[in-house]
Amino acid sequence: MTMKNYLSDMALFVEVVKAKGFRKAAEITGVPGSTLSRRISVLEKSTGLRLLNRTTRKIELTEAGQVYFDRCKRIVNEAQLAHEQLGSILAKPSGILRVSLPVDFAIIYLAPLVTEFAELYPGITFDFDLTPRKADLISDPSDIAIRMGEPENSLLIARRIATLTAKLYTSPEYIQRSGMPESPADLQHHECLGMLKTRTWTLCSPTKKETVPVSGRFSLNNVGMIKRLVVLGQGIMLVPEEVVSDELTSGKIIPILPEWHSIPQPVYALTETRLIPAKTQKFIDFIKLRLSQKTHPDR
């Protein structure tokens, strides 16, 4: 089998798996189902392994087929992108941009930026999946995932797009009731609202770094809910200033221990490959630039 036939049959194999059957793949590709079945059989013969288990109702990947599909998908995608990168697509990217985003980060930071980006590139439509789960771009349909903290999956390509630093805030009502902390160590005796099972906060000043144990009656996984409870006088939170900008202006929330802040947390854009379509590259570049302007206005 020639290299050209290999690539052609790999592309057909990927389409069959994605469509979960020969009939739908035939509709998508315009290749008759009988031809698709024959070409997959030739591919199986050339590899010496069964790739698909076929029944009258559906197809299923074998263990070898799953490994082969993961590899083929990357190869086929990069071959398509090699063509997409040419010509006017670079200037006027189009198509569906599928992005996986953390819920709070998307609502607080990205919603206004996405609006700007959509106006710049009217040919792009958006499919956003707001989820806190780990990024798995190999099996998920997303083109890009944005995640907080250092990437855990070494197979993904990570591009740093922002760095966020959190500070301490509470409400005037809470201070009246519980008193003002004078040092990070005092936080041990206060109601601290953290994300899920956070048991310590590491805080930095111009000259020191301290890790203090924290606790509270509330453990949450949503920054918006934490902020709402703090406004209602339920404790102290550690969040970036952008999260509470409106409440600071209105006086519902006040800063405490202003010389202390968290360890800066990186934000990454994750992709499956370095070769990405123009729509994805434009989105990453735009978000990186605008986040830099929001979090570092002096730049």
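**Figure 1. V14 and its neighbours in a predicted model.** When we say two residues touch, we mean that they have heavy atoms within 4.5 Å of each other. Keep in mind for every view here that this model is predicted. V14 is part of helix α1, which covers residues 3-19. Is V14 buried or exposed? Its relative accessibility is 3%, so V14 goes down as buried. Leaving aside residues up to four places away in sequence, V14 touches F69, C72, K73 and V76. To get a feel for distance, pick out E119, which is 105 residues from V14 along the chain: the C-alpha atoms of these two residues are 34 Å apart.

**Figure 2. An open sheet built from 5 strands.** Follow the strands across the sheet and you'll read the order β4-β3-β5-β15-β6, with mixed pairing. Which strands stand at the edges? They are β4 (124-130) and β6 (157-164); each has a single partner strand, so one side of each has no neighbour in the sheet. On average, neighbouring strands here are turned by 20 degrees against each other, if you ignore direction. Helix α5 (residues 103-120) packs on this sheet and touches β3, β4, β5, β6 and β15 (265-271). The direction of α5 makes about 180 degrees with that of β4. As a bit of background, the strands of a sheet pair through backbone hydrogen bonds, and they can do this either parallel or antiparallel.

**Figure 3. Strand β5 with its partners β3 and β15.** Here we zoom in on β5 (residues 144-148), which runs parallel to β3 (residues 95-101) and is joined to β3 by 2 bridges. If you want to find the pairing yourself, look for S100, whose bridge partner in β5 is A145. You can also spot V99, which stands opposite I144 of β5. How do β5 and β15 pair, in the parallel or the antiparallel sense? These two strands pair in the antiparallel sense, over 4 bridges. Look at I146 for an example: its bridge partner in β15 is A269. Of the 5 residues in β5, 4 are buried, so this strand is largely enclosed by the rest of the structure.

**Figure 4. Aromatic rings around F117.** How many aromatic pairs turn up in a search of the whole structure? The search finds 7. One of the pairs is F117 with Y121, and this one is tilted, with 4.9 Å from centre to centre and 45 degrees between the planes. F117 has a relative accessibility of 0%, so it counts as buried. Y121, at 18%, counts as buried too, because the cut-off for buried is under 20%. F117 also pairs with F283, this time edge-to-face, with 5.3 Å between the centres and 85 degrees between the planes. F117 sits in helix α5 while F283 sits in helix α9 (residues 278-295), so this pair ties together parts that are 166 residues apart in sequence. Both partners, F117 and F283, are buried. Zoom out a little and you get one aromatic cluster made of F117, Y121, F126, F128, F283 and F286.

**Figure 5. Nonpolar cores.** In soluble globular proteins, nonpolar side chains tend to be buried together. In this model, the largest nonpolar core has 38 residues, and those with the most contacts inside it are L110, I161, F283 and L291. Elements giving this core two or more residues are β3, α5, β5, β6, α7 (223-231), β12 (236-240), β15 and α9. Which element gives the most? That's α5, with 7 residues. Try clicking on F283: not counting residues up to four places away in sequence, F283 touches L97, V99, V114, F117, I144 and I146. There is also a second, separate core of 20 residues, and F13, A25, L36 and C72 are among them.

**Figure 6. Cysteines C192 and C204.** How many disulfides does the structure hold? The count is 0. C192 is in no disulfide, and its nearest cysteine sulfur, the one in C204, is 16 Å away. For a disulfide, the two sulfur atoms would have to be within 2.5 Å. C192 has 4% relative accessibility, so it counts as buried. C204 is in no disulfide either, and its nearest cysteine sulfur is that of C192. At 13% relative accessibility, C204 is counted as buried as well.

Definitions and conventions:
Residues are numbered from 1 along each chain as its sequence is written. This is a predicted model: local features need pLDDT of at least 70, side-chain atom pairs count only at pLDDT 80 or more; totals for chains, interfaces and linings use all residues. Side-chain values use heavy atoms; hydrogens and water are left out. Two strands pair if DSSP finds at least two bridges between them. Axes are lines fitted to C-alpha atoms, for helices over the stretch in contact, and angles run from 0 to 180 degrees between N-to-C directions. Rings of Phe, Tyr and Trp (its six-membered ring) pair if their centres lie within 6.5 Å; planes under 30 degrees apart count as stacked, over 60 as edge-to-face and the rest as tilted. Buried means under 20% relative accessible area, exposed over 50%, partly exposed in between (1.4 Å probe, protein chains only). A nonpolar core is a set of buried Ala, Val, Leu, Ile, Met, Phe, Trp, Tyr and Cys residues joined through side-chain atoms within 4.5 Å.
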